[in-house]
Amino acid sequence: MPRGGVCAVVEDGVPCERAARNGHSGLCSRHRAKALVRGRLGELGLSAAELAALPRVPHLYLHKSVAIRFAACEAVGAASDASAVALVTAVLGRTLRATVSLECVRAVYRHVGHRLARPVELGGLALDDATAERRSPEYVGELFYSRGGDWSFAVTSASVYRACTLGAKHPTLSLEDALEVETFAAVRWSLGCTRLVVADTSPLAALPRTMSTVNAVALLRMDAARA
Ligand SMILES: [Zn+2]
């Protein structure tokens, strides 16, 4: 069953992650063009009835701090960030599609490992380093790859790194934030994520096409009420 808003093509068992374009029979621009050339649009594309039956799942790009806050609550029992928890819970329940950078996957691993090994009085679980190093990748692997969440992953290109480090892009932002903002901008169209979602207290929330986790949760509730 294809997902709403995502290209319906599966190649060698791997589903296409690109956004389905309006009027493209549920296919991304690339696969529609290929299907047209080969005269296979009727076979690969979806009918109007099939398109209408697809669930409409919002698709947001989550700043890595959102996933880190969720993981800190879940894996280490850190003070709860209710809106970050609600968003990632929605991704795991497939009522929200989320794109994250691959750097986010590693950042969650690093953060969880660090917190697991930290002393209890500093908010950690005081595990020995070897145990923390074993558990952290297990946790991350499950969160992103085996719990059935509706995740897609964005690769940050060399040109984005170059633009963010040489200073032309976002000189007032930290490198971490600049890379997230530019990675979102680079994949927004091809993957179809509509907004960058940042942790509630982040100054990034004032940027165009960006919203806080609290507003994103409100948006999901409005969508669910409309459906
Ligand atoms: Zn496609």
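Angles of 65 to 115 degrees between two directions count as roughly perpendicular. Keep that range in mind for the first stop, and remember throughout that this is a predicted model.

**Stop 1: two crossing helices.** Select residues 64-76, helix 4, together with residues 82-92, helix 5. Their axes lie 8 Å apart and meet at an angle of about 95 degrees, so helix 4 and helix 5 are roughly perpendicular to each other. To see the contact, show Val66, Ala67, Arg69, Phe70 and Cys73 on helix 4, then Ala84, Val85, Leu87 and Val88 on helix 5.

**Stop 2: the sheet.** Next, display the strands. Five of them, in the order 5-4-3-6-7, make an open sheet with parallel pairing. Strand 5 (151-154) and strand 7 (210-212) are at the edges with a single partner strand each, so one side of each has no neighbour in the sheet. Looking from one strand to the next, you will find a twist that averages 35 degrees.

Now bring the helices back. Helix 4 packs on this sheet, where it touches strand 3, strand 4 and strand 6, and its direction makes about 105 degrees with that of strand 4. Add residues 213-226 as well: this is helix 10, which packs on the sheet against strand 3, strand 6 and strand 7, at about 90 degrees to the direction of strand 7.

**Stop 3: strand 3 up close.** Zoom in on residues 59-62. Are the two faces of this strand covered or uncovered? Both are covered: His59 and Tyr61 on one side are buried, as are Leu60 and Leu62 on the other. In general, side chains of a regular strand alternate between the two faces of the sheet.

Strand 3 has a parallel neighbour in strand 4 (residues 97-101), joined to it by 3 bridges, and Tyr61 stands opposite Thr99 there. With strand 6 (residues 195-198), strand 3 also pairs in the parallel sense over 3 bridges. Across that pairing, look for Leu60 opposite Arg195 and Leu62 opposite Val197.

**Stop 4: the nonpolar core.** Select Leu62, Ala67, Ala71, Leu87, Val108 and Val197: of the 53 residues in the largest nonpolar core, these touch the most other members. Domain 1 (10-53) and domain 2 (59-226) both contribute residues, so this core lies between them. Centre the view on Ala67, leaving out residues up to four places away in sequence, and you will find it touching Leu62, Val88, Val100, Cys104 and Val108.

**Stop 5: zoom out.** Finish by colouring the two domains, 10-53 and 59-226. Their C-alpha centres lie 29 Å apart.

Methods: Residues numbered from 1 in each chain as written. Predicted model: local features only at pLDDT ≥ 70, side-chain atom pairs only at ≥ 80, totals over all residues. Buried ≥ 20, exposed ≤ 12 C-beta atoms within 10 Å, placed from the backbone. Helix = DSSP H or I, 4+ residues; strand = E, 2+ residues; numbered from the N terminus. Pairing = 2+ DSSP bridges. Core = buried A, V, L, I, M, F, W, Y, C linked by C-beta atoms within 7 Å. Domains from an automatic or database assignment. Contact = placed C-beta atoms within 7 Å. Axes fitted to C-alpha atoms, helices over the stretch in contact; angles between N-to-C directions. Parallel < 35°, antiparallel > 145°, perpendicular 65-115°, else oblique.
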